[in-house]
Amino acid sequence: GDIADDLLRGLGGLGSGLTEAFSDPVIRLGVTGLSRAGKTVFITSLVANLMDRGRMPGLRAAAEGRILSAFLQPQPDDTVPRFDYEVHLDELTGPAPRWPESTRAVSELRLSFRLAEAGLFGGMRGPRTLHLDIVDYPGEWLLDLALMEQDYAGWSAEVLTRIEPRVEAAGYLAQIAGLDAAAAHDEMRAKALAEGFASYLGAARAAGYSDCTPGRFLLPGELAGSPVLTFAPLPKPAEIPRGALWREMERRFEAYKAKVVKPFFRDHFAKIDRQVVLVDALGAIHAGPRAVEDMRRAMAGILAAFRPGRTGWLTGLLGLRRVERILFAATKADHLHHLEHAKLTRIMAALMRDAKDRAEFAGAETAAMAIASLRATVEESVRHEGRMLDCVRGRLLDGGREAAFYPGDLPDNPAALLAPAREGATQWLDADYEVMAFAPAVLKLKPGEGPPHIRLDRAAEFLIGDRL
Ligand code: GDP
(Lines give C-alpha, C1' and ligand atoms only; values in the text may rest on other atoms or scores of the structure.)
Protein backbone atom coordinates (compact mmCIF):
# COMPACT_ATOMS: atom_id res chain seq x y z
CA GLY A 1 0.00 0.00 0.00
CA ASP A 2 2.50 2.59 1.17
CA ILE A 3 4.98 2.08 -1.62
CA ALA A 4 2.27 2.14 -4.26
CA ASP A 5 0.86 5.31 -2.69
CA ASP A 6 4.25 6.97 -2.71
CA LEU A 7 4.76 5.97 -6.30
CA LEU A 8 1.38 7.35 -7.30
CA ARG A 9 2.04 10.57 -5.45
CA GLY A 10 5.41 10.81 -7.16
CA LEU A 11 3.83 10.30 -10.56
CA GLY A 12 1.10 12.79 -9.74
CA GLY A 13 3.73 15.34 -8.83
CA LEU A 14 5.58 14.62 -12.03
CA GLY A 15 2.38 14.99 -14.02
CA SER A 16 1.52 18.38 -12.63
CA GLY A 17 5.14 19.46 -13.11
CA LEU A 18 4.95 18.48 -16.75
CA THR A 19 1.66 20.21 -17.47
CA GLU A 20 2.96 23.28 -15.70
CA ALA A 21 6.00 23.32 -17.93
CA PHE A 22 3.95 23.12 -21.11
CA SER A 23 1.08 25.35 -20.08
CA ASP A 24 0.81 29.12 -20.14
CA PRO A 25 2.50 31.20 -17.46
CA VAL A 26 0.53 32.27 -14.40
CA ILE A 27 0.94 35.19 -12.01
CA ARG A 28 -0.75 34.82 -8.64
CA LEU A 29 -1.61 38.25 -7.32
CA GLY A 30 -2.59 38.47 -3.65
CA VAL A 31 -4.91 41.32 -2.68
CA THR A 32 -5.14 41.98 1.01
CA GLY A 33 -5.82 44.70 3.59
CA LEU A 34 -7.87 44.96 6.76
CA SER A 35 -11.64 44.87 6.46
CA ARG A 36 -13.04 47.99 4.77
CA ALA A 37 -9.62 48.84 3.31
CA GLY A 38 -11.11 48.55 -0.17
CA LYS A 39 -10.20 45.06 -1.47
CA THR A 40 -13.52 44.24 -3.10
CA VAL A 41 -13.79 47.58 -4.86
CA PHE A 42 -10.13 47.36 -5.94
CA ILE A 43 -10.45 43.92 -7.53
CA THR A 44 -13.74 44.75 -9.23
CA SER A 45 -12.39 47.98 -10.68
CA LEU A 46 -9.02 46.48 -11.64
CA VAL A 47 -10.64 43.63 -13.55
CA ALA A 48 -13.22 45.92 -15.21
CA ASN A 49 -10.54 48.35 -16.33
CA LEU A 50 -8.28 45.56 -17.60
CA MET A 51 -11.13 43.99 -19.57
CA ASP A 52 -12.47 47.26 -20.93
CA ARG A 53 -9.29 49.21 -21.49
CA GLY A 54 -8.74 52.80 -22.61
CA ARG A 55 -8.70 54.20 -19.10
CA MET A 56 -5.36 52.68 -18.10
CA PRO A 57 -2.76 54.95 -19.77
CA GLY A 58 -0.24 54.26 -17.00
CA LEU A 59 -0.23 50.54 -17.81
CA ARG A 60 2.40 50.31 -20.56
CA ALA A 61 1.11 47.20 -22.27
CA ALA A 62 -2.35 48.79 -22.48
CA ALA A 63 -1.03 52.14 -23.75
CA GLU A 64 1.07 50.34 -26.39
CA GLY A 65 -1.92 48.30 -27.51
CA ARG A 66 -0.25 44.98 -26.69
CA ILE A 67 -3.18 43.61 -24.70
CA LEU A 68 -5.20 42.02 -27.50
CA SER A 69 -7.88 40.76 -25.15
CA ALA A 70 -8.55 40.08 -21.48
CA PHE A 71 -11.23 37.63 -20.41
CA LEU A 72 -12.39 35.69 -17.37
CA GLN A 73 -11.78 31.95 -17.22
CA PRO A 74 -12.48 29.21 -14.70
CA GLN A 75 -9.96 29.47 -11.89
CA PRO A 76 -7.53 26.60 -11.20
CA ASP A 77 -8.51 26.03 -7.54
CA ASP A 78 -11.79 24.12 -7.47
CA THR A 79 -12.46 24.45 -3.75
CA VAL A 80 -11.83 28.18 -3.30
CA PRO A 81 -14.91 30.41 -3.68
CA ARG A 82 -14.89 32.47 -6.88
CA PHE A 83 -14.67 36.25 -6.45
CA ASP A 84 -18.18 37.44 -7.22
CA TYR A 85 -17.05 39.85 -9.94
CA GLU A 86 -20.23 40.19 -11.99
CA VAL A 87 -22.43 40.88 -8.97
CA HIS A 88 -20.01 43.45 -7.56
CA LEU A 89 -19.67 45.18 -10.93
CA ASP A 90 -23.45 45.36 -11.34
CA GLU A 91 -23.77 46.92 -7.91
CA LEU A 92 -21.12 49.54 -8.67
CA THR A 93 -22.18 50.44 -12.19
CA GLY A 94 -25.94 49.97 -12.17
CA PRO A 95 -28.38 52.87 -12.46
CA ALA A 96 -28.39 53.28 -8.66
CA PRO A 97 -24.76 52.44 -7.80
CA ARG A 98 -23.95 51.06 -4.37
CA TRP A 99 -20.82 49.72 -2.70
CA PRO A 100 -20.52 45.95 -2.86
CA GLU A 101 -20.48 43.53 0.05
CA SER A 102 -16.96 43.45 1.56
CA THR A 103 -14.47 40.61 1.65
CA ARG A 104 -15.28 38.02 4.33
CA ALA A 105 -12.96 35.16 3.34
CA VAL A 106 -10.63 33.94 0.62
CA SER A 107 -11.85 34.13 -2.95
CA GLU A 108 -10.23 33.87 -6.33
CA LEU A 109 -10.66 34.99 -9.94
CA ARG A 110 -8.70 34.13 -13.09
CA LEU A 111 -8.26 36.82 -15.72
CA SER A 112 -6.45 35.69 -18.85
CA PHE A 113 -4.67 37.91 -21.36
CA ARG A 114 -3.86 37.45 -25.02
CA LEU A 115 -0.74 39.53 -25.53
CA ALA A 116 1.16 40.72 -28.58
CA GLU A 117 4.92 40.55 -28.20
CA ALA A 118 6.73 43.85 -27.72
CA GLY A 119 9.50 45.07 -29.96
CA LEU A 120 10.30 45.29 -33.62
CA PHE A 121 9.98 41.58 -34.34
CA GLY A 122 7.22 41.01 -31.82
CA GLY A 123 4.62 40.84 -34.55
CA MET A 124 6.35 37.88 -36.17
CA ARG A 125 5.71 35.67 -33.18
CA GLY A 126 2.12 34.77 -32.45
CA PRO A 127 0.29 36.20 -29.44
CA ARG A 128 0.99 34.60 -26.09
CA THR A 129 -1.33 33.90 -23.15
CA LEU A 130 -0.80 34.93 -19.54
CA HIS A 131 -3.12 34.05 -16.64
CA LEU A 132 -3.57 36.39 -13.71
CA ASP A 133 -4.97 34.58 -10.67
CA ILE A 134 -6.23 37.19 -8.24
CA VAL A 135 -6.50 35.93 -4.66
CA ASP A 136 -8.49 38.10 -2.28
CA TYR A 137 -7.99 37.47 1.44
CA PRO A 138 -8.51 39.40 4.70
CA GLY A 139 -5.43 41.18 6.07
CA GLU A 140 -6.51 40.10 9.55
CA TRP A 141 -5.56 36.56 8.56
CA LEU A 142 -2.09 37.69 7.57
CA LEU A 143 -1.57 39.43 10.91
CA ASP A 144 -2.34 36.12 12.60
CA LEU A 145 1.19 35.17 11.61
CA ALA A 146 2.41 36.93 14.75
CA LEU A 147 0.45 34.41 16.85
CA MET A 148 2.50 31.54 15.47
CA GLU A 149 5.55 32.67 17.40
CA GLN A 150 3.66 33.14 20.65
CA ASP A 151 2.29 30.85 23.31
CA TYR A 152 -1.00 31.52 25.03
CA ALA A 153 0.53 33.01 28.19
CA GLY A 154 2.76 35.39 26.22
CA TRP A 155 0.01 36.38 23.83
CA SER A 156 -2.46 37.03 26.65
CA ALA A 157 0.00 39.18 28.57
CA GLU A 158 0.91 41.22 25.50
CA VAL A 159 -2.67 41.77 24.38
CA LEU A 160 -3.91 42.74 27.83
CA THR A 161 -1.10 45.28 28.24
CA ARG A 162 -1.65 46.75 24.79
CA ILE A 163 -5.43 47.18 25.08
CA GLU A 164 -5.40 48.38 28.67
CA PRO A 165 -5.50 52.14 27.84
CA ARG A 166 -8.19 51.80 25.15
CA VAL A 167 -11.74 52.86 25.93
CA GLU A 168 -12.99 50.21 23.50
CA ALA A 169 -11.51 47.54 25.81
CA ALA A 170 -13.23 48.73 29.00
CA GLY A 171 -16.08 46.23 28.68
CA TYR A 172 -13.83 43.21 28.18
CA LEU A 173 -11.40 44.28 30.91
CA ALA A 174 -14.30 44.66 33.34
CA GLN A 175 -15.44 41.17 32.34
CA ILE A 176 -12.09 39.60 33.30
CA ALA A 177 -11.46 41.72 36.40
CA GLY A 178 -11.73 39.40 39.36
CA LEU A 179 -12.17 36.35 37.11
CA ASP A 180 -10.58 33.20 38.46
CA ALA A 181 -8.90 31.61 35.45
CA ALA A 182 -7.86 28.66 37.64
CA ALA A 183 -11.51 27.75 38.22
CA ALA A 184 -12.93 24.78 36.38
CA HIS A 185 -13.63 25.26 32.69
CA ASP A 186 -17.22 26.15 31.97
CA GLU A 187 -18.37 26.40 28.37
CA MET A 188 -20.86 29.21 28.99
CA ARG A 189 -18.21 31.32 30.62
CA ALA A 190 -15.70 30.61 27.84
CA LYS A 191 -18.32 31.61 25.29
CA ALA A 192 -19.14 34.85 27.11
CA LEU A 193 -15.44 35.74 27.30
CA ALA A 194 -14.85 34.99 23.62
CA GLU A 195 -17.86 37.11 22.70
CA GLY A 196 -16.68 39.92 24.94
CA PHE A 197 -13.25 39.87 23.35
CA ALA A 198 -14.67 39.68 19.82
CA SER A 199 -16.87 42.65 20.49
CA TYR A 200 -13.82 44.57 21.74
CA LEU A 201 -12.03 43.69 18.47
CA GLY A 202 -14.98 44.94 16.43
CA ALA A 203 -15.09 48.22 18.34
CA ALA A 204 -11.31 48.65 18.03
CA ARG A 205 -11.50 48.06 14.27
CA ALA A 206 -14.31 50.61 13.97
CA ALA A 207 -12.21 53.10 15.95
CA GLY A 208 -9.39 52.77 13.42
CA TYR A 209 -7.09 50.26 15.17
CA SER A 210 -5.32 47.70 12.99
CA ASP A 211 -4.12 45.03 15.41
CA CYS A 212 -7.35 43.11 15.51
CA THR A 213 -6.20 39.53 15.83
CA PRO A 214 -7.12 36.67 16.04
CA GLY A 215 -8.34 37.53 12.56
CA ARG A 216 -11.16 34.96 12.47
CA PHE A 217 -12.82 36.57 15.45
CA LEU A 218 -13.93 39.35 13.13
CA LEU A 219 -14.47 37.20 10.04
CA PRO A 220 -15.30 33.73 11.37
CA GLY A 221 -17.06 32.31 8.30
CA GLU A 222 -17.94 28.66 8.81
CA LEU A 223 -15.87 28.51 12.02
CA ALA A 224 -18.34 30.75 13.89
CA GLY A 225 -19.21 29.21 17.25
CA SER A 226 -16.59 26.45 17.06
CA PRO A 227 -14.24 25.81 20.02
CA VAL A 228 -11.30 26.99 17.95
CA LEU A 229 -12.79 30.51 18.09
CA THR A 230 -14.02 30.25 21.67
CA PHE A 231 -11.05 31.58 23.59
CA ALA A 232 -9.83 34.96 24.82
CA PRO A 233 -6.74 36.42 26.53
CA LEU A 234 -6.65 35.87 30.30
CA PRO A 235 -4.08 36.74 32.96
CA LYS A 236 -2.14 33.64 33.95
CA PRO A 237 -3.07 32.31 37.39
CA ALA A 238 -0.30 31.26 39.78
CA GLU A 239 -1.54 27.68 39.97
CA ILE A 240 -3.22 26.01 37.01
CA PRO A 241 -5.04 22.85 38.05
CA ARG A 242 -6.16 20.25 35.53
CA GLY A 243 -9.46 21.15 33.94
CA ALA A 244 -8.96 24.86 34.60
CA LEU A 245 -10.52 27.47 32.33
CA TRP A 246 -7.05 28.83 31.56
CA ARG A 247 -5.80 25.44 30.41
CA GLU A 248 -8.71 24.93 28.03
CA MET A 249 -8.19 28.42 26.62
CA GLU A 250 -4.53 27.59 26.07
CA ARG A 251 -5.45 24.40 24.25
CA ARG A 252 -7.84 26.28 21.95
CA PHE A 253 -5.27 28.97 21.23
CA GLU A 254 -2.87 26.24 20.07
CA ALA A 255 -5.64 24.64 18.01
CA TYR A 256 -6.33 28.00 16.35
CA LYS A 257 -2.67 28.22 15.34
CA ALA A 258 -2.45 24.65 14.07
CA LYS A 259 -5.87 24.30 12.42
CA VAL A 260 -6.69 27.80 11.23
CA VAL A 261 -3.57 29.93 10.82
CA LYS A 262 -1.17 27.34 9.46
CA PRO A 263 -3.49 25.91 6.78
CA PHE A 264 -4.19 29.42 5.48
CA PHE A 265 -0.49 30.09 5.02
CA ARG A 266 0.03 26.70 3.43
CA ASP A 267 -2.94 26.71 1.07
CA HIS A 268 -3.11 30.35 -0.01
CA PHE A 269 -0.29 32.57 1.13
CA ALA A 270 2.50 30.20 0.06
CA LYS A 271 1.47 30.42 -3.58
CA ILE A 272 1.49 34.19 -4.07
CA ASP A 273 3.92 35.86 -6.51
CA ARG A 274 2.89 39.50 -6.26
CA GLN A 275 1.05 41.22 -3.43
CA VAL A 276 -0.90 44.42 -3.01
CA VAL A 277 -1.67 45.54 0.55
CA LEU A 278 -4.48 48.08 0.68
CA VAL A 279 -4.43 50.46 3.61
CA ASP A 280 -7.12 52.87 4.74
CA ALA A 281 -4.42 55.36 5.75
CA LEU A 282 -6.80 58.32 5.65
CA GLY A 283 -9.14 56.61 8.10
CA ALA A 284 -6.27 55.93 10.54
CA ILE A 285 -4.89 59.46 10.20
CA HIS A 286 -8.32 60.87 10.92
CA ALA A 287 -8.70 58.55 13.94
CA GLY A 288 -5.52 59.99 15.46
CA PRO A 289 -1.92 59.22 16.50
CA ARG A 290 -2.68 55.95 18.29
CA ALA A 291 -4.38 54.50 15.23
CA VAL A 292 -1.47 55.64 13.04
CA GLU A 293 1.02 54.03 15.42
CA ASP A 294 -1.03 50.89 15.32
CA MET A 295 -1.22 50.95 11.53
CA ARG A 296 2.52 51.12 11.17
CA ARG A 297 2.93 48.21 13.55
CA ALA A 298 0.46 46.29 11.41
CA MET A 299 2.38 47.15 8.24
CA ALA A 300 5.61 45.86 9.81
CA GLY A 301 3.73 42.71 10.82
CA ILE A 302 2.57 42.22 7.25
CA LEU A 303 6.07 42.71 5.84
CA ALA A 304 7.40 40.23 8.39
CA ALA A 305 5.24 37.58 6.73
CA PHE A 306 6.99 38.25 3.42
CA ARG A 307 10.49 38.40 4.86
CA PRO A 308 12.78 35.77 3.37
CA GLY A 309 14.52 34.90 6.65
CA ARG A 310 11.25 34.21 8.45
CA THR A 311 10.52 31.65 11.09
CA GLY A 312 11.29 28.01 10.49
CA TRP A 313 7.83 26.62 9.88
CA LEU A 314 7.01 29.28 7.28
CA THR A 315 10.31 28.79 5.48
CA GLY A 316 9.48 25.09 5.49
CA LEU A 317 6.18 25.83 3.76
CA LEU A 318 7.50 28.30 1.25
CA GLY A 319 10.83 26.74 0.39
CA LEU A 320 12.68 29.04 -1.97
CA ARG A 321 9.53 30.64 -3.21
CA ARG A 322 9.41 34.38 -2.77
CA VAL A 323 7.00 37.19 -3.33
CA GLU A 324 8.62 39.32 -6.00
CA ARG A 325 6.77 42.61 -5.60
CA ILE A 326 4.76 44.20 -2.81
CA LEU A 327 2.70 47.34 -3.23
CA PHE A 328 1.35 49.28 -0.25
CA ALA A 329 -1.50 51.42 -1.53
CA ALA A 330 -3.41 54.02 0.47
CA THR A 331 -6.96 53.71 -0.84
CA LYS A 332 -9.84 56.19 -1.19
CA ALA A 333 -7.54 59.03 -2.33
CA ASP A 334 -10.60 60.56 -4.00
CA HIS A 335 -11.39 62.02 -0.56
CA LEU A 336 -8.58 64.47 -1.30
CA HIS A 337 -8.08 67.12 -3.97
CA HIS A 338 -5.22 66.01 -6.23
CA LEU A 339 -3.02 68.80 -4.87
CA GLU A 340 -2.97 66.84 -1.59
CA HIS A 341 -2.13 63.48 -3.17
CA ALA A 342 1.63 64.04 -3.03
CA LYS A 343 1.39 64.41 0.75
CA LEU A 344 -0.51 61.15 1.10
CA THR A 345 2.02 59.40 -1.15
CA ARG A 346 4.88 60.75 0.99
CA ILE A 347 3.12 59.52 4.13
CA MET A 348 2.68 56.03 2.63
CA ALA A 349 6.32 55.95 1.54
CA ALA A 350 7.47 56.98 5.02
CA LEU A 351 5.21 54.40 6.68
CA MET A 352 6.57 51.74 4.37
CA ARG A 353 10.21 52.67 5.02
CA ASP A 354 9.48 52.53 8.71
CA ALA A 355 7.76 49.14 8.37
CA LYS A 356 10.70 47.81 6.35
CA ASP A 357 13.14 48.92 9.04
CA ARG A 358 11.06 47.40 11.80
CA ALA A 359 10.60 44.12 10.00
CA GLU A 360 14.23 44.16 8.80
CA PHE A 361 12.75 43.55 5.42
CA ALA A 362 14.79 43.04 2.28
CA GLY A 363 14.19 41.06 -0.86
CA ALA A 364 11.05 41.86 -2.81
CA GLU A 365 10.68 45.06 -4.75
CA THR A 366 8.33 47.40 -2.86
CA ALA A 367 6.41 50.56 -3.69
CA ALA A 368 3.97 52.89 -1.96
CA MET A 369 1.15 54.78 -3.68
CA ALA A 370 -2.07 56.70 -3.10
CA ILE A 371 -4.94 55.39 -5.22
CA ALA A 372 -8.71 55.36 -5.57
CA SER A 373 -10.14 52.26 -7.17
CA LEU A 374 -13.37 54.07 -7.96
CA ARG A 375 -13.53 57.83 -7.91
CA ALA A 376 -16.67 58.97 -6.11
CA THR A 377 -15.83 62.69 -6.26
CA VAL A 378 -14.94 65.55 -8.58
CA GLU A 379 -12.72 68.47 -7.58
CA GLU A 380 -13.88 71.93 -6.71
CA SER A 381 -12.24 75.02 -5.24
CA VAL A 382 -14.38 76.92 -2.76
CA ARG A 383 -13.78 80.36 -1.23
CA HIS A 384 -13.96 80.10 2.56
CA GLU A 385 -13.11 82.88 5.01
CA GLY A 386 -10.99 84.69 2.48
CA ARG A 387 -8.92 81.73 1.28
CA MET A 388 -9.46 79.17 -1.44
CA LEU A 389 -10.03 75.64 -0.18
CA ASP A 390 -9.30 72.67 -2.45
CA CYS A 391 -12.41 70.56 -1.98
CA VAL A 392 -13.96 67.46 -3.45
CA ARG A 393 -17.62 67.23 -4.39
CA GLY A 394 -19.54 64.03 -3.93
CA ARG A 395 -22.89 62.57 -2.94
CA LEU A 396 -23.15 61.37 0.66
CA LEU A 397 -24.19 57.79 1.33
CA ASP A 398 -26.33 58.97 4.17
CA GLY A 399 -29.24 61.00 2.81
CA GLY A 400 -27.84 61.42 -0.67
CA ARG A 401 -26.97 65.11 -0.26
CA GLU A 402 -24.39 66.29 -2.82
CA ALA A 403 -21.93 68.94 -1.69
CA ALA A 404 -18.31 70.08 -1.69
CA PHE A 405 -16.24 69.04 1.31
CA TYR A 406 -12.86 69.91 2.73
CA PRO A 407 -11.41 66.92 4.61
CA GLY A 408 -8.86 68.93 6.60
CA ASP A 409 -5.09 69.18 6.40
CA LEU A 410 -2.47 66.51 6.02
CA PRO A 411 1.04 67.25 7.30
CA ASP A 412 3.66 68.30 4.74
CA ASN A 413 6.22 66.26 6.61
CA PRO A 414 5.24 62.64 7.45
CA ALA A 415 7.38 62.89 10.60
CA ALA A 416 4.52 64.83 12.18
CA LEU A 417 2.47 61.61 11.97
CA LEU A 418 5.20 59.11 12.71
CA ALA A 419 6.64 60.90 15.75
CA PRO A 420 3.74 63.03 16.99
CA ALA A 421 5.23 63.29 20.47
CA ARG A 422 8.36 64.95 19.16
CA GLU A 423 6.64 67.04 16.52
CA GLY A 424 3.74 68.12 18.71
CA ALA A 425 0.63 65.99 18.32
CA THR A 426 -1.92 67.58 16.03
CA GLN A 427 -5.23 66.33 14.82
CA TRP A 428 -5.14 65.85 11.04
CA LEU A 429 -8.06 65.55 8.64
CA ASP A 430 -10.25 67.14 11.26
CA ALA A 431 -12.54 69.24 9.05
CA ASP A 432 -15.23 67.44 7.01
CA TYR A 433 -13.47 64.04 6.83
CA GLU A 434 -15.78 62.62 9.48
CA VAL A 435 -18.88 62.93 7.31
CA MET A 436 -17.23 62.09 3.98
CA ALA A 437 -18.74 58.68 3.34
CA PHE A 438 -19.54 58.97 -0.35
CA ALA A 439 -21.85 56.91 -2.46
CA PRO A 440 -20.25 55.51 -5.60
CA ALA A 441 -20.80 57.92 -8.48
CA VAL A 442 -22.74 56.99 -11.59
CA LEU A 443 -20.06 56.27 -14.14
CA LYS A 444 -19.65 59.31 -16.39
CA LEU A 445 -16.87 59.30 -18.88
CA LYS A 446 -17.07 62.74 -20.44
CA PRO A 447 -13.80 64.13 -21.74
CA GLY A 448 -12.07 66.28 -19.15
CA GLU A 449 -13.61 64.48 -16.21
CA GLY A 450 -10.64 62.22 -15.91
CA PRO A 451 -10.61 58.47 -15.49
CA PRO A 452 -13.00 56.81 -13.05
CA HIS A 453 -10.09 55.81 -10.83
CA ILE A 454 -6.92 57.37 -9.44
CA ARG A 455 -3.61 55.66 -10.33
CA LEU A 456 -5.13 52.20 -10.58
CA ASP A 457 -3.17 51.93 -13.83
CA ARG A 458 0.10 52.76 -12.04
CA ALA A 459 -0.69 50.15 -9.42
CA ALA A 460 -1.29 47.56 -12.16
CA GLU A 461 1.93 48.56 -13.94
CA PHE A 462 3.96 48.01 -10.78
CA LEU A 463 2.26 44.73 -9.94
CA ILE A 464 2.14 42.96 -13.30
CA GLY A 465 3.43 45.37 -15.98
CA ASP A 466 6.77 43.58 -16.37
CA ARG A 467 5.01 40.36 -17.37
CA LEU A 468 2.60 41.86 -19.90
P1 GDP B 1 -12.91 45.30 1.86
O2 GDP B 1 -13.50 45.01 3.20
O3 GDP B 1 -11.43 45.47 1.95
O4 GDP B 1 -13.34 44.35 0.78
O5 GDP B 1 -13.43 46.77 1.49
P6 GDP B 1 -14.44 47.23 0.33
O7 GDP B 1 -13.81 47.07 -1.01
O8 GDP B 1 -15.76 46.60 0.54
O9 GDP B 1 -14.50 48.79 0.66
C10 GDP B 1 -15.02 49.25 1.88
C11 GDP B 1 -15.65 50.59 1.70
O12 GDP B 1 -14.65 51.57 1.43
C13 GDP B 1 -16.61 50.68 0.53
O14 GDP B 1 -17.88 50.22 0.87
C15 GDP B 1 -16.58 52.16 0.21
O16 GDP B 1 -17.42 52.86 1.11
C17 GDP B 1 -15.14 52.54 0.52
N18 GDP B 1 -14.28 52.56 -0.68
C19 GDP B 1 -13.54 51.55 -1.20
N20 GDP B 1 -12.85 51.97 -2.28
C21 GDP B 1 -13.15 53.28 -2.44
C22 GDP B 1 -12.73 54.30 -3.39
O23 GDP B 1 -11.93 54.08 -4.31
N24 GDP B 1 -13.27 55.55 -3.20
C25 GDP B 1 -14.13 55.84 -2.19
N26 GDP B 1 -14.61 57.09 -2.09
N27 GDP B 1 -14.54 54.91 -1.29
C28 GDP B 1 -14.05 53.66 -1.42
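Which side-chain atom of Trp 99 lies 3.5 Å from an oxygen atom of the ligand, a polar or a nonpolar one? It is a polar side-chain atom of Trp 99 that lies at this distance from the ligand oxygen. Keep that contact in mind as you browse these views of a predicted model.

**View 1. Polar contacts of the ligand with Gly 38, Trp 99 and Ser 373.** Start with the backbone: a polar backbone atom of Gly 38 is 3.0 Å from an oxygen atom of the ligand. Ser 373 also takes part through its backbone, with an N or O atom 3.0 Å from a ligand oxygen. Trp 99, in turn, uses its side chain, at 3.5 Å. The ligand taken alone exposes 570 Å², and the protein buries 95% of that area.

**View 2. The shell of residues around the ligand.** Here you can look over the 18 residues that surround the ligand. Those that come nearest are Arg 36, Lys 39, Thr 40, Ser 102 and Asp 334. Sorted by class, the shell holds seven nonpolar, seven polar and four charged residues.

**View 3. The pocket that holds the ligand.** Zoom out a little for this one: the ligand takes up the space of the largest pocket.

**View 4. Two buried cysteines, Cys 212 and Cys 391.** Cys 212 counts as buried because its relative accessibility is 1%, under the 20% cut-off. Cys 391 has a relative accessible area of 4%, so Cys 391 is buried by that cut-off too. If you are looking for disulfides, the count comes to zero.

Terms used:
Residues numbered from 1 in each chain as written. Predicted model: local features only at pLDDT ≥ 70, side-chain atom pairs only at ≥ 80, totals over all residues. Heavy atoms only, no water. Near = heavy atom within 4 Å. Polar contact = N/O pair within 3.5 Å; in protein donor to acceptor, adjacent residues only side chain to side chain. Areas by Shrake-Rupley, 256 points an atom, 1.4 Å probe, with all protein chains shown as cover. 1 Å grid on protein atoms, 1.4 Å probe; cavity = no way out; pocket = protein on both sides within 12 Å on 5 of 7 lines; lining within 4 Å. Sits in = over half its atoms within 2 Å of the grid points. Nonpolar A, V, L, I, M, F, W, Y, C, P; charged D, E, K, R; others polar. Disulfide = S-S within 2.5 Å. Buried < 20%, exposed > 50% of the residue type's maximum accessible area, 1.4 Å probe, protein only.
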